[in-house]
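Colleague: I should like to learn how to read the features of a structural model in an orderly way. Could we work through one together?

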Amino acid sequence: MRDPALYRIKHESHQETGDKWCIYPMYDFSHPVADAVEGITHSLCTLEFEDHRPLYDWTVDKLLPTGLIDCKPRQIEFSRLNLKYTVLS
């Protein structure tokens, strides 16, 4: 993990917020934050996200002491998974 991009700045009108915001969080930053806020305990991802796990863990570890989140989700990567009769979000 070296100098990750956490936000992008785009000076264009957004379909939902109009011109109110021009700063948008990158997926690698918003993913662990959303998981922690929503109380997700295990985030199942494909192997392509394995290289992103250090940033996922770093983000959660930095936010826990601030009190903004109160749980530590865990990202788990897999290569292929066939689940039957199971509901996943």
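Modeller: The discussion below takes up burial, the core, a helix, a cavity and backbone angles in turn. Please keep in mind that this is a predicted model.

Colleague: Let us start with burial. Is I69 buried or exposed?

Modeller: The cut-off for a buried residue is a relative accessible area under 20%. I69 has a relative accessible area of 6%, so it is buried. This residue is placed in the loop between α2 (53–63) and β4 (74–78).

Colleague: Which residues does I69 touch, apart from those up to four places away in sequence?

Modeller: I69 touches A36, V37, V60, L63 and L64.

Colleague: How does one read such a cluster, and which residues make up the largest nonpolar core?

Modeller: In soluble globular proteins, nonpolar side chains tend to be buried together. Here the largest nonpolar core has five residues in all: A36, Y56, V60, L63 and I69. Helix α2 provides the largest share of this core, three residues. V60 also has contacts beyond its neighbours within four places in sequence, namely P32, I69, C71, K72 and P73.

Colleague: What of a polar residue such as S43; is it buried or exposed?

Modeller: S43 counts as buried, because its relative accessibility is 7%. It is found in strand β3, residues 42–46. The side chains of S43 and D35 are joined by a polar contact of 3.3 Å. Leaving out residues up to four places away in sequence, S43 touches H31, D35, Y56, R74, Q75 and I76.

Colleague: Where do the buried residues of α1 lie around the axis?

Modeller: To read a helix, one lists the buried residues and then asks how they are arranged around the axis. In α1 (residues 27–37), the buried residues are F29, H31, P32, D35 and A36. They lie on the same side of α1, because they cover an arc of only 165° around the axis. Among the elements that cover these residues are β1 (7–9), β2 (23–25), β3, α2 and β4.

Colleague: Which residue follows α1, and what is its phi?

Modeller: G39 follows α1, and its phi is positive, near 75°.

Colleague: How is empty space found, and how many cavities of 30 Å³ or more does the structure hold?

Modeller: Rolling a probe the size of a water molecule over the atoms shows where empty space is left. The structure holds one cavity of 30 Å³ or more. The largest cavity contains about 40 Å³ of space.

Colleague: Which residues line the largest cavity?

Modeller: Its lining consists of Y27, D28, H31, P32, F49, H52, L55, Y56 and Q75. Helices α1 and α2 each supply at least two residues of that lining, and α1 gives the most, with four.

Colleague: Which residues other than glycine have a positive phi?

Modeller: D3 is one of them, with a phi near 45°. It is placed in the segment before β1 and counts as exposed, because its relative accessibility is 68%. Y85 also has a positive phi, of about 60°, although it is not a glycine. Y85 is found in the segment after β4 and, at 87% relative accessibility, counts as exposed.

Colleague: Finally, where is K20 found, and is it buried or exposed?

Modeller: K20 is found in the loop between β1 and β2. The cut-off for an exposed residue is over 50%; K20 has a relative accessibility of 64% and therefore counts as exposed. K20 and L83 are 63 residues apart in sequence and 42 Å apart in space, C-alpha to C-alpha.

Conventions. Residues are numbered from 1 along each chain as its sequence is written. This is a predicted model: local features need pLDDT of at least 70, side-chain atom pairs count only at pLDDT 80 or more; totals for chains, interfaces and linings use all residues. Side-chain values use heavy atoms; hydrogens and water are left out. Buried means under 20% relative accessible area, exposed over 50%, partly exposed in between (1.4 Å probe, protein chains only). Contact means heavy atoms within 4.5 Å. A nonpolar core is a set of buried Ala, Val, Leu, Ile, Met, Phe, Trp, Tyr and Cys residues joined through side-chain atoms within 4.5 Å. A polar contact is a pair of N or O atoms within 3.5 Å; within protein, one must be able to donate a hydrogen and the other to accept it, and residues adjacent in sequence count only if both atoms are side-chain atoms. The arc is that of the directions from the helix axis to the C-beta atoms. On a 1 Å grid over the protein atoms alone, a cavity is a set of points where a 1.4 Å probe fits but cannot get out, and a pocket is an open set with protein on both sides within 12 Å along at least five of seven lines; lining residues have an atom within 4 Å of a point. Grid points are joined across faces, edges and corners, and a volume is the space filled by probe spheres set on the points.
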